[in-house]
Amino acid sequence: MAISTTTVRMNANLKDELTKELNNIGLSVNAYFNLAAKQLVLQKKVPFEVLTETEEPSEKTKKALILAEAKELGLISDDTPEFNNVDELMKFLNK
C-alpha cells in the first residue's frame, strides 16, 4: 500500500488544543486523521456529531424570542398575519 502525504492547515491554537487532547488518549494527530478518514469511508458519513460553538443571541433576537413566547403563552395578543392562499400572502408582502 502506497503512502501519500497530505497537508492540513489549521489555526495554531486549535492544533495545540488538538495535540494536547490526543496526547491524553494516546493518539498522534496523524493517527487521529487516519482513524477519522477510515471511519468516514466505512460509514459513508462524518463519524462523529458535528457541534458548533454556542453564540449568545443578540438583543434583537432575545426580544423576538421573548415576544414569541409571550404570544404563545397568551400573555399578549398574537397579531401575526395568517393567509389562506398565496394571493393573500403576496398582497400583504407587496404593501
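**Figure 1. The largest pocket and what lines it.** A pocket is an open set of grid points where a 1.4 Å probe fits, with protein on both sides within 12 Å along at least five of seven lines. Keep in mind that the model shown here, and in each view below, is a predicted one. Rolling a probe the size of a water molecule over the atoms shows where empty space is left. In this model, the largest pocket holds about 540 Å³ of space. It is lined by 17 residues, and those closest to its centre are Ser-4, Thr-6, Asn-30, Phe-33 and Asn-34. Two elements, helix H1 (12–24) and H2, each give two or more residues to this lining. Which of the elements gives the most to it? That's H2, with six residues. As for chemistry, the lining of the largest pocket is a mix: nine nonpolar residues, six polar ones and two charged ones.

**Figure 2. Glu-56, Glu-59 and Lys-62 in one salt-bridge network.** Start with Glu-56, which pairs up with Lys-62 in a salt bridge; the closest N and O atoms are 3.1 Å apart. Are these two partners buried or exposed? Glu-56 counts as exposed because its relative accessibility is 63%, and the cut-off is over 50%. Lys-62 has a relative accessible area of 28%, so it is only partly exposed. Now look at Glu-59, whose side chain also meets that of Lys-62 in a salt bridge, this time at 3.5 Å from N to O. Glu-59 and Lys-62 sit three residues apart in helix H3 (residues 59–72), so about one helical turn separates them. Put the shared partners together, and Glu-56, Glu-59 and Lys-62 are joined into one network.

**Figure 3. Another salt bridge, between Asp-79 and Lys-71.** Here the closest N and O atoms are 2.9 Å apart. Asp-79 is exposed, because its relative accessible area is 60%. How many salt bridges does the model have by the rule used here? The count comes to three.

**Figure 4. A nonpolar patch on the surface.** Five residues make this patch: Leu-40, Val-41, Val-46, Phe-48 and Val-50. Together they give a nonpolar surface of about 450 Å². Zoom in on Val-50, which you'll find in the loop between helix H2 (29–43) and H3. Val-50 has a relative accessible area of 63%, so it counts as exposed. How far is Val-50 from Ala-2 in space? The C-alpha atoms of this pair are 31 Å apart, and in sequence the two residues are 48 residues apart.

**Figure 5. Lys-44 and its positive phi.** Most residues other than glycine have a negative phi. Lys-44 goes the other way: its phi is near 60°, a positive value in a residue that isn't glycine. Where does Lys-44 lie? Look in the loop between H2 and H3. That loop is also where Val-50 of the previous view lies. With a relative accessibility of 70%, Lys-44 counts as exposed.

Terms used: Residues are numbered from 1 along each chain as its sequence is written. This is a predicted model: local features need pLDDT of at least 70, side-chain atom pairs count only at pLDDT 80 or more; totals for chains, interfaces and linings use all residues. Side-chain values use heavy atoms; hydrogens and water are left out. A salt bridge is a side-chain nitrogen of Lys or Arg within 4 Å of a carboxyl oxygen of Asp or Glu. Buried means under 20% relative accessible area, exposed over 50%, partly exposed in between (1.4 Å probe, protein chains only). Helices (H or I, at least four residues) and strands (E, at least two) are DSSP runs, numbered from the N terminus. On a 1 Å grid over the protein atoms alone, a cavity is a set of points where a 1.4 Å probe fits but cannot get out, and a pocket is an open set with protein on both sides within 12 Å along at least five of seven lines; lining residues have an atom within 4 Å of a point. Grid points are joined across faces, edges and corners, and a volume is the space filled by probe spheres set on the points. Ala, Val, Leu, Ile, Met, Phe, Trp, Tyr, Cys and Pro count as nonpolar, Asp, Glu, Lys and Arg as charged, and the others, Gly among them, as polar. Patches are made of residues with over 30% relative accessible area and no salt bridge: like charges are joined within 9 Å, nonpolar side chains (Val, Leu, Ile, Met, Phe, Trp, Tyr) within 5 Å. Accessible areas come from the Shrake-Rupley method with a 1.4 Å probe; for residues, only the protein chains shown count as cover.
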